[in-house]
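Here are a few exercises to work through with the model open in your viewer. Try each task before you read its solution.

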Amino acid sequence: MALNPFFLQGSQGEQSLVQDLINEQLRMYGVEVYYLPRQYVTKNKIIREVITSEFNQSYPIEAYVDNFDGYGDNTVLLSKFGVQATNELKLIISQERFSSYITPLIKNLPNIELATRPKEGDLIYFPLGDRLFEIKFVEHEKPFYQLQKNYVYELTCELFRGEDEILDTGVEEIDDTSMWKEISDLSHLSDLDPPQPLS
């Protein structure tokens, strides 16, 4: 049995209206976060391991915080490396805003692997907690094809634990995050001369 011909079932006008309403809600109830695309400097081509990457750009964008009652579960984990914070953050951003604002700015940057949507491995600076989060998963089909289209990305992020990444966005609040500063302060220890044995 065919669909009712008197209903459009998702015309371009209806889809644009829904997208505009979602964009307006994100601006009203969201917070301004910064999106930091990862630029891959060197990679191991055999096992596809990232050896060196850097974050030199940051773009403000409105996002709705889906964790209304705080960070996700299992915020502290006891591992063989000690106690680690594994705070999880879920953010919702507009697909249209990303494609019309961020994509044109990053698509011509060197060493960007994907510019059409948020990518796993990119960073989000969350100003309310003064923390950097790494995108672990991007859900692009939720809500599921309302009026035959998707309108938002749901980003599942975890607290970023830096290793050898270069962080130099030019935004003082981002470059001086407390967690990253602690790692940078420890990095100079490897440059010190080793202690000399007593004679």
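**Exercise 1. Find what the side chain of N150 reaches, and say whether N150 is buried or exposed.**

Step 1. Start with the backbone nitrogen of Y145: the side chain of N150 reaches it at 3.0 Å. That's a polar contact (N or O atoms within 3.5 Å; within protein, one must be able to donate a hydrogen and the other to accept it, and residues adjacent in sequence count only if both atoms are side-chain atoms).

Step 2. Now look at H140, whose backbone oxygen sits 3.3 Å from a polar side-chain atom of N150.

Step 3. Place N150 in the chain: it's in the loop between β9 (131-139) and β10. Helices (H or I, at least four residues) and strands (E, at least two) are DSSP runs, numbered from the N terminus.

Step 4. List its contacts (heavy atoms within 4.5 Å). Skipping neighbours within four places in sequence, N150 touches Q95, H140, E141, P143, F144 and Y145.

Step 5. The relative accessible area of N150 is 10%, so N150 is buried. The cut-offs are under 20% for buried, over 50% for exposed and partly exposed in between, with a 1.4 Å probe and protein chains only.

A word on the input: this is a predicted model, where local features need pLDDT of at least 70 and side-chain atom pairs count only at pLDDT 80 or more, while totals for chains, interfaces and linings use all residues. Residues are numbered from 1 along each chain as its sequence is written, and side-chain values use heavy atoms, with hydrogens and water left out.

**Exercise 2. Work out which residues of α1 are buried and where they sit around the axis.**

Step 1. Check the length: at 1.5 Å times one less than the number of residues, the 18 residues of α1 (12-29) should span 26 Å, and the end C-alpha atoms are indeed 26 Å apart.

Step 2. Pick out the buried ones: Q15, V18, Q19, I22, N23 and L26. They cover an arc of only 135 degrees (from the directions from the helix axis to the C-beta atoms), so they lie on the same side of α1.

Step 3. Flip to the other side, where L17, L21 and M28 are exposed.

Step 4. Look for the cover over the buried residues: it includes β4 (59-65), β7 (88-94), α2 (95-106) and β10 (152-159).

**Exercise 3. Say how many residues of β4 are buried, and which bridge partner V33 has there.**

Step 1. Five of the seven residues in β4 are buried.

Step 2. The bridge partner of V33 in β4 is I61.

How values were computed: Two strands pair if DSSP finds at least two bridges between them.
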